[in-house]
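Subject: Structure handover

Hello,

Here is the structure for your records, with the sequence alongside. My notes on what was found follow below it.

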Amino acid sequence: MKILAFAGSTSSTSINRELVKFVLKDFQDEEINLIDLNDFTMPVFSVDLEKKGFPEEAHNFLKEIGDCDVIICSLAEHNRSYSSAFKNVFDWSSRINVKVFQNKPMLLMSTSPGGYGGGNVMNTAKTFFPQFAADIKDTFSLPKFYENFDLESGVINPEMLKELKDKIGNFKKAVKTND
């Protein structure tokens, strides 16, 4: 199984990237492609720029999705929505192929320093990603990242760790069912 993994952030200290990396430890026997949104930097989307053509990075992002079997991502929440970096990649890509996520099974996550765990961006993504051909199999939000996560150990809150492990297990079963 080929896994495409990413955080919806360009921060060098992204807590969402740390969550993705922690989850990927449960997929060590799989082929993992952990991408960095910094490799997909493009001008801010506008219809005027679109008339001049699509950035190569948007095509590359869609190719990464096309080349994988499943997607594991964790979205950063900025002002109760997607980070501008992710939104821009998403906007450009969706203009090339409205089915951005190409019906790939997805484990969708979010985390934040606050008590809602990126719940606003999660709710938005759960509502809209399926309209862009995301096959969301399960979701997980980790609130209070700095209280519930250790960079060496991962999720340290026992209840949240159990919930996450259960969701990873459910995701693996759902993906096998799709084969």
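Asn 103 sits in the loop that runs between H4 and strand E6 (104-111). The model is a predicted one, and in it the phi of Asn 103 is near 60°, a positive value in a residue other than glycine. Asn 103 counts as exposed because its relative accessible area is 53%, and the cut-off for exposed is over 50%.

Ala 133 is another non-glycine residue with positive phi, here near 65°. Ala 133 is placed in the loop between helix H5 (119-128) and E7. With a relative accessible area of 7%, Ala 133 is buried.

A further loop residue is Leu 151, found between strand E8 (149-150) and strand E9 (154-155). Its relative accessibility is 61%, so Leu 151 counts as exposed. From the C-alpha atom of Leu 151 to that of Val 98 the separation is 36 Å, with their positions 53 residues apart along the chain.

Next, the helix packing. Helix H3 (residues 56-66) and helix H4 (residues 84-96) have axes that come within 9 Å and cross at roughly 80°. H3 is therefore roughly perpendicular to H4. On the H3 side the contact is made by Ala 58, His 59, Phe 61 and Leu 62, and on the H4 side by Val 89, Trp 92, Ser 93 and Ile 96. Sorted by type, the residues of this contact come to six nonpolar, two polar and no charged.

Helix H1 (residues 15-24) contains Val 20. Val 20 is buried, at a relative accessible area of 0%. Which residues does Val 20 contact, leaving aside its neighbours within four places in sequence? They are Ala 5, Phe 6, Leu 34, Ile 72, Cys 73, Ser 74 and Met 109. For Phe 6, the C-alpha to C-alpha distance to Val 20 is 6.9 Å, at 14 residues apart in sequence.

Cys 73, one of the contacts of Val 20, leads to the matter of disulfides. How many disulfides are there? The count is zero. For Cys 73, the closest cysteine sulfur is that of Cys 68, at 10 Å, which is too far for a bond. Seen from the other side, the sulfur of Cys 68 has the sulfur of Cys 73 as its closest cysteine sulfur, again at 10 Å and too far for a bond. The cut-off for a disulfide is 2.5 Å between the sulfur atoms. As for accessibility, Cys 73 is buried at 0%, and Cys 68 is buried with a relative accessible area of 4%.

Last, the charged pairs. Side chains of opposite charge can pair when their charged atoms come close. The structure has eight salt bridges, and I describe some of them here.

Glu 50 and Arg 95 form a salt bridge through their side chains, at 2.8 Å from N to O. Glu 50 belongs to helix H2 (residues 47-50) and Arg 95 to helix H4, so this pair ties together parts that are 45 residues apart in sequence. Is Glu 50 buried or exposed? Glu 50 counts as buried, at 16% relative accessibility, where buried means under 20%. Its partner Arg 95 is partly exposed, with a relative accessible area of 43%.

Lys 167 and Asp 138 also meet in a side-chain salt bridge, with 3.3 Å from N to O. This pair links distant parts of the chain, as Lys 167 is in helix H7 (residues 158-178) and Asp 138 is in strand E7 (residues 134-142), 29 residues apart. Both Lys 167 and Asp 138 are buried.

Another salt bridge joins Lys 63 and Asp 67, whose closest N and O atoms are 2.6 Å apart. Asp 67 counts as partly exposed, at 40% relative accessibility.

Regards

Notes: Residues are numbered from 1 along each chain as its sequence is written. This is a predicted model: local features need pLDDT of at least 70, side-chain atom pairs count only at pLDDT 80 or more; totals for chains, interfaces and linings use all residues. Side-chain values use heavy atoms; hydrogens and water are left out. Helices (H or I, at least four residues) and strands (E, at least two) are DSSP runs, numbered from the N terminus. Buried means under 20% relative accessible area, exposed over 50%, partly exposed in between (1.4 Å probe, protein chains only). Axes are lines fitted to C-alpha atoms, for helices over the stretch in contact, and angles run from 0 to 180 degrees between N-to-C directions. Angles under 35 degrees count as roughly parallel, over 145 as roughly antiparallel, 65 to 115 as roughly perpendicular and the rest as oblique. Contact means heavy atoms within 4.5 Å. Ala, Val, Leu, Ile, Met, Phe, Trp, Tyr, Cys and Pro count as nonpolar, Asp, Glu, Lys and Arg as charged, and the others, Gly among them, as polar. A salt bridge is a side-chain nitrogen of Lys or Arg within 4 Å of a carboxyl oxygen of Asp or Glu.
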